[in-house]
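Please open the structure in your viewer and keep the selection panel at hand, since this tour goes from the whole chain to a single strand and its neighbours.

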Amino acid sequence: MSDSTPSFESVLAAVRAAGDAASLRALEREQLGKEGPIAALLASIPTLPPESRKEAGQRANRMKSELAAAVAERLQQLEEAQLAAERSGAGFDATLPAARVERGSLHPLTQVTRELEDLFTSMGYTVLDGPEVELDWYNFEALNIPRDHPARDMQDTFRCDPAGNVVLRPHTSPVQVRAMERMRPPFRAIAPGKVFRQESTDASHEHTFHQMEGLVVGKDISVGHLIGAMKTLLRGVFGREIEIRLRPGYFPFVEPGFELDARCPFCKSGCRVCKQSTWIELLPCGMVHPNVLRAGNIDPAEWSGFAFGLGLSRLVMLRHGIDDVRHLLSGDVRFLEQFR
Ligand code: DAH
């Protein structure tokens, strides 16, 4: 070793005085590493006169093991000291404020879905689930929308395969047919869930949104039953009696089909929400078409039913005065925090 390099004794002293594991490891790398002084010493041995090689080799190896032992010992001391400090509570300040725990909340769509599930189960409805990736049969055929029927274009459906046998469901109505396959009449069921449409998004259009399908099948089910159920639904959502009206509406799976309007819950004489008309188009519905009952293996001569398709996303927007549907699935915490 040249004069400018620290003596072996001072290196040993530095190891024994190392204040923490990181600086100790650095020192170890510097002294015992491939580029270190001991490695250099060992590498120089072949250049020494033969009679002094043995002694020089032994000396270098002694230094190496002595240093390694000193490092191991100091490391252990440092670990023990740290453990002892942790056990004694040193460095722990009981007066520091605790880390803030962020409180989460249910999404407004989840809130309204759960409320409606409670309401409908209290009236004897079963809550059903259906696949979001759906077969053409359930989505169209069984709902009285054969191939080449213009009603296929009523919604812009995402197709999953070139033949179009598999789609992302554009409405929850296919669950009607799945319900009829699973349950024998009389029965009542709702099916809330996500639906998808291929359309340009804007404040009132989103490619993914939520609906809730309803289906009741029984003996002599009439439009009167439909109106009664819809009034109960609105009372549950708005907390009071809401006037309604039915207009004719066309959907291939119901006959007659209706658009149900609700008297605007926010004004008496017209406002922005009801576009000054005092009526809000809320919910399409109707009496289940005999062809749909047949597709579900139910005899239309014996049974009848009604169905409705509630736009859950729209309902949430109405309820909270949300002016852009794209907020709902944005995942923006600043939006969600408002519904705690
Ligand atoms: N599935 C229809 C849509 O998304 C909505 C609908 C209309 C559902 C009438 C129904 C119904 O159950 O009876 O456009």
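Among contacts in the chain between residues at least 6 apart in sequence, what percentage join residues at least 24 apart? The share is 66%, where contact means heavy atoms within 4.5 Å.

This is a predicted model, in which local features need pLDDT of at least 70 and side-chain atom pairs count only at pLDDT 80 or more, while totals for chains, interfaces and linings use all residues. Residues are numbered from 1 along each chain as its sequence is written, and side-chain values use heavy atoms, with hydrogens and water left out.

Begin with the whole chain selected: the C-alpha trace spans about 115 × 55 × 35 Å along its principal axes. Its radius of gyration, taken over C-alpha atoms, is 38 Å, whereas a compact globule of 340 residues would have one near 20 Å (the globule rule is 2.2 Å times the number of residues to the power 0.38).

Next, colour by secondary structure to find eleven helices and nine strands, which are DSSP runs numbered from the N terminus (helices are H or I of at least four residues, strands E of at least two).

Now select strand β4, residues 187-196, where eight of the ten residues are buried, that is, under 20% relative accessible area with a 1.4 Å probe and protein chains only.

Add strand β5, residues 208-218, which pairs with β4 in the antiparallel sense over ten bridges; two strands pair if DSSP finds at least two bridges between them. Here R188 has V216 in β5 as its bridge partner.

Finally, add strand β1, residues 126-127, which pairs with β4 in the parallel sense over two bridges, and look for T126, whose bridge partner in β4 is A189.

Conventions:
Buried means under 20% relative accessible area, exposed over 50%, partly exposed in between (1.4 Å probe, protein chains only).
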